[in-house]
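Here are my notes on this model, written as numbered points. Please keep the structure open while you read.

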Amino acid sequence: MLLFPIVLLAISRLVSAEVRSTGVDFEHRHLYLPLEDEDDKGNLYWLCLNDSSIRLSYDQVNDNICDCPDGSDEPGTNACPNPPNKFYCINEGHFSNYIDHSKVNDGVCDYDLCCDGSDEWILGGCENKCAAIHQQFLEYEKDMMAFLEKAAVKKEKTLKIAHDKRQKLINKLKSLEQQVPELKGKINSYKIQAENVDLQDETVFDNLREHFGGLADKLALHKRDIVSQESRLQALESILHFLTTHYNPNFNDAAVKEVIQKFQEYVSNKEEEALEDIHETNEIINQLVEKAKQMPHSGVQKTGRFTPSLPNMVRYYYRFARDKIFPKPVLEYKSDLSGNELDQEIEKLEQELERLQTKIQIIKDNLSSDYGPDDILRAYDQTTISKDLGGYNYRINLLQGISQDDIFIGKFKEIKDGKISYDQGARCWNGPKRSATVEFACGKGPELVSVSEPEKCHYYFTIEGESWCDENTRLNLPKTFKINHDLL
């Protein structure tokens, strides 16, 4: 007879423990087991989880009255404003889940989260529909797995397009970089030709100009002295000639007779050919100048003698040995172009080199940019996604920009954390410039599926496509599954 009451007490305690732990997941259920007071004839009690100094009667747990400051005594009701954990739905036969306490015992059957109806355990009225809902999930899973197989094939093709475009850029970069040495060599060749033309244009006269000028000045001074001397000589000859023709021969003056005799001898011995004018010498110099102007100057200068020193001797023999062992190649470029034509050609080639280096840098920047996982967005560089949503026509070029009808929303800024940012759009009326964020999801596409404006003038777009299907998509099927309530 004593056994029956003991069994009833045990069953009562088990039922009580089950009720008191409603809404608690299996990992934390041990925290909601009752404690027995040995000094009070086996009465059960319980301690608040975050303050063990607060002791409650075990029947105060889940009694729809909040007694603990941390709300831990009401895991299965909405009596406490800030419970430590969400309400746990076992959902036997489907997937367990959690639901906010604000939705517990509110009279609404939240089958999306609690298919077993346990969120309304006090009020009742929500039958367990986990079996039917799980059957819908199995059909969804089957369809999605078939879709993911096709999506993987399409994604592989898209990745190949992205890879080929990247490889094409790499090949183009190599081709452009190979042109740089050839172009630089051509520029250097023309510069050497220009230097040679300059040397060829330099004449002997250019190097001896000062000497020719000094010689002409000295000749001018010499001519002046000669003219002065001739003038004095002519004056003297005139005097002696006058004396010869007008002296009195009967006047017996031995000195005069001797002077007249010497002068007559001077005149008879004087050459009849006139002396050459100094202007003929000037003419010779002018001819020499013209000839010097036509003669190219080698640029080599011979130095005079110098007193050898030890450092000079060391440098001389070092250079001599170096030139013998490692002779420098002689670069001689002859050109049919004039110096001016060479300068123009050099300028043209240098501009071409600058354009070439700019193209190279653009490609390098492109190759180092983030184009999403596996570089996949590179496949969409020329793709425009268009769709009418909410009365507006949106056009999205993922790597360029977004527009809404004739309003520019923003240009491509960056890819970060799998999302694309756009900025510098048209300014909103009495607001900031428009901007946008694009996120991606697995689905058929690429297709724009939603647009919102969570902040003023900042738009949020969601684009679906096979390119964003991966292993996480399969693992997250329970989360992406939507219940068809019409079939329940």
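1. Where is the place of Asn 105? Asn 105 is in the loop between S5 and helix H2, which covers residues 130-201. This is a predicted model, so read every point below with that in mind.

2. Is Asn 105 buried or exposed? Asn 105 has a relative accessible area of 13%. Buried means under 20%, so Asn 105 counts as buried. The side chain of Asn 105 reaches the backbone nitrogen of Ile 122 at 3.1 Å. Leaving aside neighbours within four places in sequence, Asn 105 is in contact with several residues, among them Gly 76, Thr 77 and Asn 78. Its contacts also include Asp 119, Glu 120, Trp 121 and Leu 123.

3. Now take Asn 91. Asn 91 is in the loop between strand S4 (87-89) and strand S5 (97-99). Its relative accessible area is 2%. That is under 20%, so Asn 91 is buried too. Which backbone atom lies 2.9 Å from a polar atom of the Asn 91 side chain? It is the backbone oxygen of Phe 95. The backbone nitrogen of Cys 115 lies 3.0 Å from a polar atom of that side chain.

4. The surroundings of Asn 91 deserve a look. Residues up to four places away in sequence are not counted here. Asn 91 touches Ser 96, Asn 97 and Leu 113. Asn 91 also touches Cys 114, Cys 115, Asp 116 and Cys 130.

5. His 485 makes a useful contrast in exposure. His 485 lies in the segment after helix H9 (477-480). His 485 has a relative accessible area of 41%. Partly exposed runs between 20% and 50%, so His 485 falls in that class.

6. Which residues does His 485 touch, not counting those up to four places away in sequence? They are Tyr 111 and Asp 112. His 485 and Asp 112 are 373 residues apart along the chain. Yet their C-alpha atoms are separated by 9.2 Å. A polar contact of 3.2 Å joins the side chains of His 485 and Asp 112.

7. Next, the sheets. Strands of a sheet pair through backbone hydrogen bonds, either parallel or antiparallel. One open sheet has three strands in the order S1-S2-S3, with antiparallel pairing. Strand S1 (35-37) and strand S3 (51-57) stand at the edges. Each has a single partner strand, so one side of each is left without a neighbour in the sheet. Neighbouring strands of this sheet are turned by 45 degrees against each other on average, direction ignored.

8. Follow the pairing through strand S2, residues 43-48. How many bridges join S1 to S2? Three bridges do, and the two strands run antiparallel. Leu 35 stands opposite Tyr 45 in S2. On the S3 side, the bridge partner of Tyr 45 is Ser 57. S2 and S3 pair in the antiparallel sense over four bridges. They form a hairpin with two residues between them.

9. Another open sheet has eight strands, and its pairing is mixed. The order is S6-S7-S8-S9-S10-S11-S13-S12. Check the end of that order: S13 comes before S12. The edge strands are strand S6 (384-389) and strand S12 (447-455), and each pairs on one side only. The twist averages 25 degrees from one strand to the next.

10. One pair inside this sheet can be traced by residue. Strand S9 (residues 407-416) and strand S10 (residues 419-423) pair in the antiparallel sense over five bridges. Lys 411 stands opposite Asp 423 in S10.

11. The UniProt record, an unreviewed entry, lists residues 159-193 and 339-366 as "coiled-coil region". How does the model treat these stretches? Over residues 159-193 the chain is 100% helix and 0% strand, with end C-alpha atoms 51 Å apart. Over residues 339-366 the chain is also 100% helix and 0% strand, with end C-alpha atoms 41 Å apart.

12. Last, confidence. The mean pLDDT of the protein chain is 83, and 75% of its residues reach 70 or more. Over residues 1-14 the pLDDT is below 50, and this stretch has three contacts beyond near neighbours in sequence. Over residues 298-306 the pLDDT is also below 50, and that stretch has one such contact. Where pLDDT is low, the predicted coordinates should not be read in detail.

Note on methods
Residues numbered from 1 in each chain as written. Predicted model: local features only at pLDDT ≥ 70, side-chain atom pairs only at ≥ 80, totals over all residues. Heavy atoms only, no water. UniProt positions renumbered as here; feature names shortened; annotations may be inferred. pLDDT = per-residue confidence, 0-100. Contact = heavy atoms within 4.5 Å. Buried < 20%, exposed > 50% of the residue type's maximum accessible area, 1.4 Å probe, protein only. Polar contact = N/O pair within 3.5 Å; in protein donor to acceptor, adjacent residues only side chain to side chain. Pairing = 2+ DSSP bridges. Axes fitted to C-alpha atoms, helices over the stretch in contact; angles between N-to-C directions.
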